[in-house]
Amino acid sequence: MKVLLISANTEKADIPPLPLGPAMVAAACRRAGHEAILLDLMFEEDPVAAVRNAVEEFRPEAIGISVRNIDDQNMESPKFLLPPVREVVAACRGSSDAPIVLGGAGYSIFPESALSYLGADMGVRGEGETLFPELLNRLARGAPVEGLPGLYLPNRPPSGRVFANNLDGLALPEPGGWIPSLPSDSELWVPVQSRRGCPRDCTYCSTSAIEGRGIRRRSPRAVIEWMRRLVSRGLHNFHFVDNTFNLPPYYAKALCRGIIQEGLDVNLWCIIYPKWIDRELSSLLARAGCREASLGFEGGSDHRLESYNKQFNTKEVKTVSRMFGDAGIRRIGFLLLGGPGENRESVEESLAFADSLGVESLKVTVGLRIYPGTSLAAAARAEGIINPDDNLLEPRFYLAPSLSEWLPERITAYKTSRPWVL
């Protein structure tokens with residue numbers, strides 16, 4: 001079948017995110033014998049016109065639309081990102097009779113409500129590399145699609161999900177068609193996903209809804225060989241999008257050793273769970289080219305960390321931060337303020353703790369985005385902040401009621417004398 005895959009994301013944030021997920025699905029479709037092209041709307045001046053042109057020129061028999069983000073997670077002035085995606089769906093509908101299938105990380109958090117809001121024909125929750133080609137095979141044969149694990153149809157109960165255990169069996173995309181040519185390669189950070197899943201169960205986090213709880217990994221050799229091919233094309237900046245790069249530690253060390261042994265000229269950026277780090281790993285990361293690490297500690301007291309179900313303490317965070325600083329790796333810290341049980345004293349404790357780390361950059365977020373199926377959503381319902389039947393598709397936030405007026409002003413004042421705080 002001829003399939004048009006559309007990366008609907010147009011939000012650049014700090015760096016323009018490249019559509020790794022849709023590119024992997026496109027590669028999987030081609031491997032399965034289908035003709036697939038990828039349209040990335042990130043750099044299109046008129047996304048809707050670009051969609052219409054692609055549909056009219058390519059004449060697809062199926063259309064897949066990747067939904068990366070639902071909103072910008074900004075409580076102060078939240079931006080709901082699905083209306084432009086609905087315009088993309090409408091443009092496809094107006095130009096083609098091909099079935100429209102949703103997918104992507106954002107869609108996987110809200111499979112039923114996003115499908116209803118966007119008005120597509122069906123949706124794929126989870127790993128599209130396995131499910132989407134099988135869906136295309138059935139569509140090509142005119143066979144029933146009901147019962148495919150992870151497939152959502154309007155007003156019908158879904159079948160259970162199945163996760164791929166062998167990630168090496170999933171195709172990795174080459175640069176053509178998903179990595180654009182920009183004036184400077186330094187503007188591009190290529191996403192790398194070496195593993196999927198997270199068992200940590202942080203109270204506010206949606207990762208398990210997207211990837212499941214079990215950690216599944218590609219072999220280090222497969223990841224490094226793919227990076228080598230991209231480096232040979234002139235790409236040098238790589239962002240590991242794994243939510244916990246250092247878990248498990250032996251795997252992280254194997255990746256670093258492989259990059260070092262291969263002699264790859266790369267700059268790396270990764271996300272660290274600030275526990276289970278030793279001097280060997282921080283040194284290996286630096287030698288492999290790690291320039292920046294995101295330290296997701298989120299709270300600045302042991303009580304706050306426990307409330308978020310973090311499995312580390314402030315002493316461990318300080319130790320990890322110091323090791324990365326000593327290794328010459330730039331650190332960006334993260335604080336989430338205003339969650340259940342937060343008060344003025346705990347806020348001040350967290351701010352003082354963040355100051356003590358000496359990180360090069362700090363992102364402070366006021367209010368927590370509430371995602372379905374999380375402990376935070378259960379707490380918000382119990383406190384009457386959200387209704388039992390609220391599907392949470394449009395952004396809803398938790399902010400401890402006693403802090404609603406004081407906390408935003410306090411953080412504004414905190415940032416004034418600290419230019420490194422975002």
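Two residues are in contact when heavy atoms of theirs lie within 4.5 Å. By that rule, and leaving aside neighbours within four places in sequence, I272 touches F245, N246, I277, L285, A293, S294, L295, G296, V320 and F324. This is a predicted model. The protein holds 15 helices and 16 strands. Its radius of gyration is 22 Å, close to the 22 Å that the globule rule gives for 422 residues, so the protein is as compact as a globular protein of that length.

**Overall build**

- The C-alpha trace spans about 60 × 55 × 40 Å along its principal axes.
- Of the 422 residues, 54% are buried.
- Take the contacts with a separation of 6 or more: 73% of them join residues 24 or more positions apart.

**The six-stranded sheet**

- One open sheet has 6 strands, in the order β7-β10-β11-β12-β13-β14. The pairing is parallel.
- β7 (190-192) and β14 (361-366) are the edge strands. Each has a single partner strand, so one side of each is left without a neighbour in the sheet.
- Neighbouring strands here are turned by 20 degrees against each other on average, direction ignored.
- Strands of a sheet pair through backbone hydrogen bonds, either parallel or antiparallel.
- β13 (residues 330-337) runs parallel to β14, and 6 bridges join the two.
- L336 has T365, in β14, as its bridge partner.
- Helix α13 (residues 344-357) packs on this sheet. The helix touches β12 (290-298), β13 and β14. Its direction makes about 180 degrees with that of β13.

**Nonpolar cores**

- The largest nonpolar core has 86 residues. F132, I272 and L285 have the most contacts inside it.
- Another core lies apart from that one, with 48 residues. Among them are A50, A54, F58 and L393.

**Cysteines**

- The whole structure contains 0 disulfides.
- Why is there no bond between C270 and C290? Their sulfurs are 4.0 Å apart, too far for a bond, since a disulfide needs the two sulfur atoms within 2.5 Å.
- For C270, the closest cysteine sulfur is in C290. For C290, the nearest is that of C270.
- Are these cysteines buried or exposed? C270 has 1% relative accessibility and counts as buried. C290, at 2%, counts as buried too. The cut-off for buried is under 20% relative accessible area.

How values were computed:
Residues are numbered from 1 along each chain as its sequence is written. This is a predicted model: local features need pLDDT of at least 70, side-chain atom pairs count only at pLDDT 80 or more; totals for chains, interfaces and linings use all residues. Side-chain values use heavy atoms; hydrogens and water are left out. Two strands pair if DSSP finds at least two bridges between them. Helices (H or I, at least four residues) and strands (E, at least two) are DSSP runs, numbered from the N terminus. Axes are lines fitted to C-alpha atoms, for helices over the stretch in contact, and angles run from 0 to 180 degrees between N-to-C directions. Buried means under 20% relative accessible area, exposed over 50%, partly exposed in between (1.4 Å probe, protein chains only). A nonpolar core is a set of buried Ala, Val, Leu, Ile, Met, Phe, Trp, Tyr and Cys residues joined through side-chain atoms within 4.5 Å. The radius of gyration is taken over C-alpha atoms; the globule rule is 2.2 Å times the number of residues to the power 0.38.
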